[in-house]
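Colleague: I would like a close look at a single part of this model. Please take it slowly and then work outwards.

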Amino acid sequence: MPASQSDKSALVIGASRGLGLGLAEEFAARGWRVTATIRHEPAPAALQRLGGRVAVEILDINDPHSVAAFLPHIANRMFDVVFINAGVGGPEGKTAETVTPEEMTYLFMTNAISPVNLGYKLLRNVKPGSGILAFMTSILGSVTLSGGSYAPLYCASKAALNQLTRSFVAGLNENITVLSMHPGWVKTDMGGAGADIDVATSVKGMVDVLEAKAGSGKHEYLDYRGKAIPW
Ligand SMILES: NC(=O)c1ccc[n+]([C@@H]2O[C@H](COP(=O)([O-])OP(=O)(O)OC[C@H]3O[C@@H](n4cnc5c(N)ncnc54)[C@H](OP(=O)(O)O)[C@@H]3O)[C@@H](O)[C@H]2O)c1
């Protein structure tokens, strides 16, 4: 089907740069309608260039006033994919011994609490049956694979996101698919220039996985190639 004829739509939360921007670009390239959220105007040029099939909304996932202002803008919209991507790296070099309560609160709010809070609020916007709610987690959130001392607080925040997502799914009555996605180690502001793969490779892989998993009705923890990750 030519890209311009797709009737699919995606909502990408945290799309100003990095993987969220890349996801918006990839969905748009496949002809999907895209709603992309950013924290502040103006929208980055890369988003503006995507044209009329991409709508930009303002949202800070940690700010209840911002969430309350955003939700009415999409109140009657149903999306094939809602992708909650926003996240932060956490205080550099800190451990449980050195982190401040403020730093820890900000990290856990952004990476664990606010994404799942938003997941509850956006459930009504995910198409029943074929719709997917995706959370951007990381392989670093796997308790099973965890090893070494790299970024312990970030790892803990993504492990918390995974556990909160599992509890969220356990209480779901909706017939949707939920995916906890690991994008790979990606060259972004967060991933750094020395990362394994570029944004285009990661987002192409993730959107392929999303298209393959539509309608599965399961909750899976997958990387950008569709490989299962142990919790
Ligand atoms: N890059 C990697 O290798 C990698 C690996 C595993 C997982 N991840 C995860 O992938 C996601 C995206 O990472 P990235 O590498 O693309 O990072 P990034 O380039 O730093 O982008 C982070 C995005 O999240 C947004 N954001 C941060 N806090 C927010 C908030 N409170 N409300 C709304 N949006 C917010 C940022 O918006 P602003 O521009 O306004 O700050 C930005 O759009 C994160 O969840 C990250 O943990 C990344």
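With its count of C-beta neighbours inside 10 Å, does A151 count as buried, exposed or partly exposed, and why?

Modeller: This is a predicted model, so read what follows as a description of computed coordinates. A151 counts as partly exposed, because it has 19 C-beta neighbours inside 10 Å. The cut-off for buried is 20 or more. A151 sits in the loop between β5 and α5 (152-170). Its backbone stands out. A151 has a positive phi of about 45°, yet it is not a glycine. Most residues other than glycine have a negative phi, and most peptide bonds are trans.

A second backbone feature concerns the peptide bond. The bond from E41 to P42 is cis, with omega near 0°. P42 lies in the loop between β2 (33-38) and α2 (45-48). A further positive phi, of about 90°, belongs to G215, just after α6.

Now the sheet. Seven strands form an open sheet, with parallel pairing, in the order β3-β2-β1-β4-β5-β6-β7. At the edges are β3 (54-58) and β7, each pairing on one side only. From one strand to the next, the twist averages 20°. Strands of a sheet pair through backbone hydrogen bonds, either parallel or antiparallel. The strand before the A151 loop, β5, runs parallel to β6 and is joined to it by five bridges. One pair can be named: F135 has S180 in β6 as its bridge partner.

Helix α6 also meets this sheet. The buried residues of α6 pack against β4 (81-84), β5 (132-136), β6 (177-182) and β7 (219-223), and also against α1 (18-29). Those buried residues are V199, S202, V203, G205, M206, V207, V209, L210 and K213. The length of α6 can be checked. Helix α6 covers residues 199-213, which is 15 residues, so at 1.5 Å a residue it should span 21 Å. The end C-alpha atoms of α6 are 21 Å apart, which agrees.

Last, the ligand. Its shell holds 27 residues, and the closest are G18, A86, G87, T188 and G191. Helix α1 gives the largest share of that shell, three residues. By type, the shell divides into eleven nonpolar, twelve polar and four charged residues. Helix α1 thus appears twice in this account: it contributes to the ligand shell, and the buried residues of α6 pack against it.

How values were computed: Residues are numbered from 1 along each chain as its sequence is written. This is a predicted model: local features need pLDDT of at least 70, side-chain atom pairs count only at pLDDT 80 or more; totals for chains, interfaces and linings use all residues. Helices (H or I, at least four residues) and strands (E, at least two) are DSSP runs, numbered from the N terminus. The expected span of a helix is 1.5 Å times one less than its number of residues. A residue is buried if 20 or more other C-beta atoms lie within 10 Å of its own, exposed if 12 or fewer, and partly exposed in between; C-beta atoms are placed from the backbone. Two residues are in contact if their C-beta atoms, placed from the backbone, lie within 7 Å. A residue is near a molecule or strand if its C-beta atom, placed from the backbone, lies within 6 Å of it. Ala, Val, Leu, Ile, Met, Phe, Trp, Tyr, Cys and Pro count as nonpolar, Asp, Glu, Lys and Arg as charged, and the others, Gly among them, as polar. Two strands pair if DSSP finds at least two bridges between them. Axes are lines fitted to C-alpha atoms, for helices over the stretch in contact, and angles run from 0 to 180 degrees between N-to-C directions.
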